[in-house]
Amino acid sequence: MDERFKNLGFYPADILLPRDTDMTKWAVVACDQFTSQPEYWQAVEDTVGDAPSALRLILPEARLGSPTVESDIAAINRTMGEYLEGGLFRTLPDSLIYVERVQSDGRVRHGLVGMVDLEQYDFTPGSGALIRATEGTVLSRIPPRVRVRKDAPIELPHVMLLIDDPDRTVIGPLAGEPAMERLYDFDLQQGGGHITGWKLTEQQVEAVAAALTALAAPEAMERKYGMGGAAPLLFAVGDGNHSLATAKRCYEDLKAVTPPEQCADLPARYALVEVVNNHDEALQFEPIHRVLFGADPETFLAEFRRQFPNACEGKGEGHTIEVVWAGHDGYLTVPDPKMQLAVGTLQSFLDEYVQAHGGEVDYIHGDDVARELGRKAGNMAFLLPAMGKEQLFKTVMADGVLPRKTFSMGHAQDKRYYVEARRIR
């Protein structure tokens, strides 16, 4: 293991990339996107056809409830083995990859692909780990993902970690550097934009290690947050926390039956991720909306007013939430809220409402998609305001995790696409 990264929880990795493959058909969006839009995943199926594709190595969450889910998981693991044995992948040993992603809005997001040490990650609220969750982890979402990962020989990452690097010292210097080897450069399917990746030189790897070390220093924490004595937070999970939590659970299960002196060499101890600077201009925090299925608007509104007697229809001072159902598009405002964020006010009520009255909540990316779903009979959509990203790190350090599904980094089609892979067995 590279000693320059020893105290950072982030390392170069042996990265797998497909060779002699149509990369547009290979790369597909994160499995937890478009969960209420099976037509999206059917379009991906139609595009991929019989070509080698990451689609054959993941289980879209839209299909988690399928009666064939167990055979689907077995097919995924079998295909992973076939791709490995058939020589589909080439290995980039001990490497970091610099990524430029042209988003659907034309902005360019910059990232760095490597692996994190799961010993340095903790999703427990209030944790002092170097790598922390930003939002509450729904423990019930982990077991289905464990079923996919536990016997898998490789992983494909959609985890994106954030660093708070206002001076752009880690990833910024990589842009435009001519010395790097270009690894891939292609259009992403289904409106995902374009992606290009380069392998860092040895000198660049050295510079990344030094810059990350400086970011984690006590004086940096004091300067940015006024918390010099607090446990440093170097990486905050922006996307894919449940995927990373699943990797952690699988590693802990394996660790329990492995001699301690062998744990550091377990491939499952590490997980492949992309690191993005929180100050990247292309990175926008988008709200994650809620859609309630099996809803009766009259009952909902009566319970809402009972819970929040001062709530009023229309926009006002306090927490304002857009509410859509068939034939209606308006606003509810809760004055003098007890929660810091509107998402906290809504989520706490939804949890109690569903428990008492039934129904099911889904988490939706994109205003238009949420409104479209909300207008269908029996549904209600709740559109939330965006959270300012500048307070993320300080809030997590001071108060712990945010309410679950508080924010999303960009639109659904701008999420991470599966390109790279890594052996975990």
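Strand β10, residues 160-163, is covered on both of its faces in this predicted model. Met160 and Leu162 point to one side, Leu161 and Ile163 to the other, and all of these residues are buried.

The pairing of β10 involves two other strands. With strand β13, residues 235-239, β10 pairs in the antiparallel sense, over 3 bridges. With strand β14, residues 270-277, the pairing is parallel and runs over 4 bridges. Leucine 161 can be used to locate both contacts: leucine 161 stands opposite valine 237 in β13, and valine 275 is the bridge partner of leucine 161 in β14.

The cysteines come next. The structure holds 0 disulfides. For cysteine 250, the closest cysteine sulfur is that of cysteine 31, and the two sulfurs are 13 Å apart, so a bond is ruled out by distance. A disulfide would require the sulfur atoms to lie within 2.5 Å. Cysteine 263 is likewise in no disulfide, the nearest cysteine sulfur being that of cysteine 250, 15 Å away. Cysteine 250 is buried, because its relative accessible area of 12% falls under the 20% limit. Cysteine 263 is buried too, with a relative accessible area of 7%.

Turning to the pockets, the largest one holds about 550 Å³ of space. Its lining consists of 18 residues, and those nearest the centre are Thr35, Glu61, Arg141, Val361 and Asp362. Two elements, α4 (142-149) and β19 (360-365), give two or more residues each to this lining. The largest share comes from β19, which supplies 5 residues. Sorted by class, the lining of the largest pocket has 8 charged, 6 nonpolar and 4 polar residues.

The second largest pocket encloses about 390 Å³ of space. This pocket is also lined by 18 residues, with Met1, Met115, Ala264, Leu266 and Tyr270 closest to its centre. At least two residues of the lining come from each of β2 (13-18), β6 (108-117) and β23 (422-423). By class, the lining of the second largest pocket has 8 nonpolar, 8 charged and 2 polar residues.

Conventions
Residues numbered from 1 in each chain as written. Predicted model: local features only at pLDDT ≥ 70, side-chain atom pairs only at ≥ 80, totals over all residues. Heavy atoms only, no water. Buried < 20%, exposed > 50% of the residue type's maximum accessible area, 1.4 Å probe, protein only. Pairing = 2+ DSSP bridges. 1 Å grid on protein atoms, 1.4 Å probe; cavity = no way out; pocket = protein on both sides within 12 Å on 5 of 7 lines; lining within 4 Å. Points joined across faces, edges and corners; volume = space filled by probe spheres on them. Nonpolar A, V, L, I, M, F, W, Y, C, P; charged D, E, K, R; others polar.
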